[in-house]
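Work through the following exercises with the model open beside you, and try each task before reading its solution.

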Amino acid sequence: MSSLVSVTIDSGVATIAMDDGKANVLSHAMWDELEAAFDQAETAKAIVVLKGRKGIFSGGFDLKEMGKGVENALLLTSRGSKMARRILSFPTPVIAISTGHCIAMGAFLMLACDYRIGASGDFKVGLNETIIGMTMHNFGIELARYRLPLNYFNRCVINAEIWSPEDAMPAGFYDRITHVADLDQAALTAANMFGQLNMAAFNGTKNKSRKGVLALLDQCIEDDLVPPSA
């Protein structure tokens, strides 16, 4: 079986790249490999660069797996929430490199990261849940409320507006955008910037400042495992 996630650790930076050859859908297999990759990065105490394949960061949850029944859908959603929560509290900086389209759970992973760089171009970014008939889960609502500017929250979460990379910056999904050809250099520059920090102070401040929202998100993860009423 081919690997969905590759990990390269060099000079204190762990580059974690998702590539399923298609839309980088977030399946149980992808979550397994992402968890293992972040385990490697954490053991190495490395700054993380999380990226997708050419043209796409991630198209979100694997809808085929979501369609296998309510129990499986809830479990898959929970795994995504737990991964995003792990990134929010990860002891070293997590830099996200959006290599193209960034949709649904892919966009939530982007929101969880400490610094987000998007590729310019004809790409779509946003939360499309209410377009495709999914009621947003509690975790997603609260993560979006925490990371998105208030004046964009309704537009992103309820109205499901989809943005260009340029418009995704003021909407709160990206911190900067750059040409596709410059993404690797931008990642290196960001990693060097974070490398100047004292990691103990970074970790302490990151988790101390997010203590309240992390507790709220933990409760959301529990609540989201309750099947919806018939």
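**Exercise 1.** State which residue of strand 7 stands opposite Ile 95, and how many bridges join strand 5 to strand 7.

*Solution.* In this predicted model, where local features need pLDDT of at least 70, side-chain atom pairs count only at pLDDT 80 or more and totals for chains, interfaces and linings use all residues, Ile 95 stands opposite Tyr 115 in strand 7. Residues are numbered from 1 along each chain as its sequence is written, and side-chain values use heavy atoms, with hydrogens and water left out. Strands are DSSP runs (E, at least two residues) and helices likewise (H or I, at least four), numbered from the N terminus, and two strands pair if DSSP finds at least two bridges between them. Strands 5 and 7 run parallel and are joined by four bridges.

**Exercise 2.** Trace the pairing from strand 5 back to strand 2, and then place these strands in the sheet.

*Solution.* Strand 3 runs parallel to strand 5, with four bridges, and Val 48 stands opposite Val 94. Val 48 also faces Ala 14, where strands 2 and 3 pair in the parallel sense over five bridges. The open, mixed sheet has six strands in the order 1-2-3-5-7-10. Strands 1 and 10 each have a single partner strand, so one side of each is left without a neighbour in the sheet.

**Exercise 3.** Decide whether the two faces of strand 5 are covered or uncovered.

*Solution.* Taking buried as under 20% relative accessible area, exposed as over 50% and partly exposed as in between (1.4 Å probe, protein chains only), Val 94, Ala 96 and Ser 98 are buried on one side, and Ile 95 and Ile 97 on the other. Five of the five residues are buried, so strand 5 is largely enclosed by the rest of the structure.
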